[in-house]
Amino acid sequence: MFKKLCVSLLLLCVAKAIAFPTGWGYIVPDPEGRCTGRESPDHFAIPGICDKFYRCVYGYLYEHQCPDGLVFNPSISVCDWPRNVRGCEDGGDKPTYVGFVLDDSGSMISEISAVKQWMQNCVSGSYATCASAPTGGWIVSTFNDPYPSGSSTPYPPTFPSSFFTRFGPSTDASAVVDFIDDIAVHSGYDCPEYAFFGNKNALDVIPDDNGGCKIYFFSDATAKDPSSALAPLIAQFAAKGCSFIPVLTGCCHRCEDPCASLDSTYCHEHVVDDRSFGSSSGGFEERAYYDLAYVTGGSIYLTDKASADDLLKFLEDKITLGFCPTTSIAGPLPEGYTSKTDCESTGSCWDSSVGKCYCSSANETCSHHPIVKKPKCLVTDVHTFKADPEDCTRYYECASGRQWNRPCAPGTVFDPAVGVCNHSYLTAPPCGTKTD
């Protein structure tokens, strides 16, 4: 018995250094300590590899191979059809990434706490609507300003240092949460900060050939980086195909209204301004955030300084963390549905962080039809006739909360002024040509 035990222990020690086959898969080296202290089984993706996954069992890291034709789906922790896993469609091995770029100055304590809880709630399944986790891994990059105003400041700053740290990419979400939990805020020189450099550090570990990439940026300060650093950063975002998603609780003062300088359509679909104190005039530093979000397709979020609980509620209500299950656009192509209401009414997945609607599954029918805007029909409506907003030659008949879509006689259009179908020359625009 003693001899068998010794042999077993020897094999286990060898297994910690090389891949060793067992009934549970292969024990592999675990230099990052992903499984340290974990007793219950836990599954997570292997960055850059679709058809394998890791599993922690009693503190040991095992590598598993999915059955032929299947890939690991980190959202449900099982091997699944490739079409259901973003970045692994058609058997591809293009991983997805989510980065958090955090200003860790002393004024950001509430924001950092909210981000940690937001991510923890997402990966623990607390949110029914939490989007798919990244298959390539989570990344955290912190930034600050280690130099006093007026001093000689080298650029780029020294990295890594206590003012600039990075973790990931890692598919072990709990390890990312632990890293965020250990972030120590700095008193530093609290405005502005080296924001561009913090983003660059996150992008540096993301491969160009990826299946999707989002960078969530949290700060209450403008960028101290030289203006010449913006163009290379935009080029780096473009090369990676990443979306820049700023969440601003300040800009060293009240932030300028993004809609003062951005395209009106983008502003309507991609800007969430939840502030109660209004805007101020700004300059290049904060507009750089807006321009970077605009050119990369990310949404812009502005909110007040608040408690960690209030900021968490804002994140939960307004922003999609992670990805939708597919990359196929839902709704009338090429833009698809452009509002959350229209998107979700068809059972599709709305990604608020990029303002797009995606099909929820590759193996189910995905709607590409326009949404028909029906008029309201109240139970108090005894018997009324209302225009069909999608078709001038039809109308809705409403009675006691029930309604029917009816056609007009050939050659006529519905005239809402009189509540009946009429000749077009007697009907005002847009359905008729009447001019007086």
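I began with the second largest pocket of this predicted model, and I noted that about 190 Å³ of space lies in that pocket. I then looked up its lining, which consists of Asp263, Thr265, Tyr266, Glu269, His270, Tyr294, Glu335, Tyr337, Thr338, Val354, Gly355 and Lys356. I also checked which element gives the largest share of this lining, and found that helix α6 (residues 264-270) does so with four residues.

Next I turned to a sheet. I recorded an open sheet of three strands in the order β17-β18-β19, with antiparallel pairing, and I noted that β17 (384-387) and β19 (402-407) are the edge strands, each of them pairing on one side only. From one strand to the next, I found that the twist averages 30°. Looking at one pairing in detail, I saw that β17 and β18 (residues 394-399) are joined in the antiparallel sense over four bridges, and I wrote down that Thr384 has Cys398 in β18 as its bridge partner.

My last entry concerns Thr171, which I located in the loop between β10 (166-170) and α3 (173-181). Is Thr171 buried or exposed? I enter it as buried, because its relative accessible area is 11%, under the 20% cut-off. I followed its side chain to the backbone oxygen of Ala45, which it reaches at 2.2 Å. Leaving aside residues up to four places away in sequence, I listed the residues that Thr171 touches as Phe44, Ala45, Ile46, Pro47, Pro134, Thr135, Gly136, Gly137 and Trp138.

Notes:
Residues numbered from 1 in each chain as written. Predicted model: local features only at pLDDT ≥ 70, side-chain atom pairs only at ≥ 80, totals over all residues. Heavy atoms only, no water. Pairing = 2+ DSSP bridges. Helix = DSSP H or I, 4+ residues; strand = E, 2+ residues; numbered from the N terminus. Axes fitted to C-alpha atoms, helices over the stretch in contact; angles between N-to-C directions. Buried < 20%, exposed > 50% of the residue type's maximum accessible area, 1.4 Å probe, protein only. Polar contact = N/O pair within 3.5 Å; in protein donor to acceptor, adjacent residues only side chain to side chain. Contact = heavy atoms within 4.5 Å. 1 Å grid on protein atoms, 1.4 Å probe; cavity = no way out; pocket = protein on both sides within 12 Å on 5 of 7 lines; lining within 4 Å. Points joined across faces, edges and corners; volume = space filled by probe spheres on them.
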